[in-house]
Amino acid sequence: MLDHLHLCVITDPSLAGRDHTAIAAAALAGGADMIQLRDKRGDLRALLPQARAIQALCRAHGAIFIVNDRLDLALATGADGVHVGQDDLPAGAARRLLGPDKILGVSAHDREQAEAARAAGADYIGFGPMFPTGTKDTGYTPRGLGSLREVRAAVRLPILAIGGITLETAADVIAAGATAPAVISAIVTAPDIAAAAAAFRARVVAAKGLEGSRKEGNKGPHIA
Ligand code: TZP
Ligand code: MG
């Protein structure tokens, strides 16, 4: 269940100096319950075996595997779903190609985009950038916690908050209505990715008042 998601780690080898699979393995060891493979170089031949390896790792951990942008790669690997942005394959087209059972994540930068994504069949919203980030030039000013609250009130889908989220701000995005943070730099550039993921997850679980609970509920692509 995406409602029980606590931490999404997005793989970015250019920041980490480690490949997708190594990042994913460490993030999963630390307790990430969703991995998103994000690669802007588009070398599909090289990515395919990594995507397959990450899919197997996610299965073994009961975690969800999502491919950013590339629906073809998601389908070819049997990933749990795909995440598309406002400039990618439109959400409605992605939903038709994915079928009803796979997970569709859609980036939104304001309430209107979030509502449109929901209407087009999104299972979750990626909302951001929350805070300043050097990882991606989104073309948007940081949305902040107030905008997240507004989207939370308007759209009943799970929301992954993204952009510049650190251990210090992880609890704030949860308090503002995010289901989980989606994190790149604060985790993949850490000397110990597993420890960083574990620390994030602990903050999120604490912010939700769920201390002591074990990983629960993320056993596959089926969403209520
Ligand atoms: N989409 C909006 S902000 C962002 C993406 C992919 C980058 C998030 O990376 P970081 O390093 O966690 O700010
Ligand atoms: Mg994209």
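1. A residue counts as buried when its relative accessible area is under 20%, as exposed when that value is over 50%, and as partly exposed in between. By this standard G163 is buried, because its relative accessible area is 10%. The structure discussed in this note is a predicted model, and the points below should be read with that in mind.

2. G163 is placed in the loop between strand 7 (159-162) and helix 8 (170-175). Apart from its neighbours within four places in sequence, G163 is in contact with P129, M130, F131, T133 and A182. The C-alpha atoms of G163 and I125 are separated by 13 Å, and these two residues stand 38 residues apart along the chain.

3. G163 is also one of the residues around ligand 1. The full set is R38, T133, T135, K136, T138, I162, G163, G164, V183, I184 and S185. Which atoms lie 2.6 Å from an oxygen atom of ligand 1? One is an N or O atom in the side chain of T133; another is a backbone N or O atom of G164. For I184, a polar backbone atom is 3.0 Å from an oxygen atom of the ligand.

4. P129, listed above among the contacts of G163, deserves a separate remark. The peptide bond joining G128 and P129 is cis, with omega about 0°. P129 itself belongs to the loop between strand 6 (124-127) and helix 7 (144-154).

5. Helix 7 has three buried residues to examine: G144, L148 and V151. These residues cover an arc of only 80° around the axis, which puts them on the same side of helix 7. What covers the buried residues of this helix includes helix 6 (111-119), strand 6, strand 7 and helix 8.

6. The second ligand is a magnesium ion. Which protein residues are its donors? They are D69 and D88, each through OD, at 1.9 to 2.1 Å from the ion. D69 lies in the loop between strand 3 (64-68) and helix 4 (71-77), and D88 in the loop between strand 4 (81-84) and helix 5 (91-98), so the pair ties together parts that are 19 residues apart in sequence. D88 counts as partly exposed because its relative accessibility is 27%.

7. D69 merits further attention. Its phi is near 70°, a positive value in a residue other than glycine. The side chain of D69 makes a polar contact with the side chain of K40, at 2.4 Å. Leaving aside neighbours within four places in sequence, the residues in contact with D69 are K40, V82, H83, V84 and D88. The other protein donor of the magnesium ion, D88, is thus itself among the contacts of D69.

8. The length of helix 3 can be checked by a simple calculation. This helix comprises residues 44-61, and at 1.5 Å a residue its 18 residues should span 26 Å; the C-alpha atoms at its ends are 25 Å apart, which agrees. The expected figure is obtained as 1.5 Å times one less than the number of residues. After the helix comes G62, whose phi is positive, near 65°.

9. How are the buried residues of helix 3 arranged around its axis? They fall within an arc of 150° when seen down the axis, so they line one face of the helix. The residues concerned are L47, Q50, A51, I54, Q55 and C58. An α-helix has 3.6 residues a turn, so residues three or four places apart point the same way. R45, R59 and A60 are exposed on the other side of helix 3. The buried residues pack against helix 2 (20-29), strand 2 (34-37), strand 3 and helix 4.

10. Q50 illustrates the buried face of helix 3. Q50 counts as buried because its relative accessible area is 17%. Beyond its neighbours within four places in sequence, Q50 is in contact with D19, H20 and T21.

11. A final point concerns A202, a residue of helix 10 (residues 193-207). Is A202 buried or exposed? At 45% relative accessibility, A202 falls between these classes and therefore counts as partly exposed. A202 and A32 are 170 residues apart in sequence, and their C-alpha atoms are 10 Å apart in space.

Key: Residues are numbered from 1 along each chain as its sequence is written. Chains are lettered from A and ligands numbered from 1 in the order in which they are written. Side-chain values use heavy atoms; hydrogens and water are left out. Donors are N, O and S atoms within 2.8 Å of the metal (3.2 Å for Na, K and Ca); water is not among the atoms, so sites may look incomplete. Helices (H or I, at least four residues) and strands (E, at least two) are DSSP runs, numbered from the N terminus. Buried means under 20% relative accessible area, exposed over 50%, partly exposed in between (1.4 Å probe, protein chains only). The arc is that of the directions from the helix axis to the C-beta atoms. Contact means heavy atoms within 4.5 Å. A polar contact is a pair of N or O atoms within 3.5 Å; within protein, one must be able to donate a hydrogen and the other to accept it, and residues adjacent in sequence count only if both atoms are side-chain atoms. A residue is near a molecule or strand if one of its heavy atoms lies within 4 Å of it.
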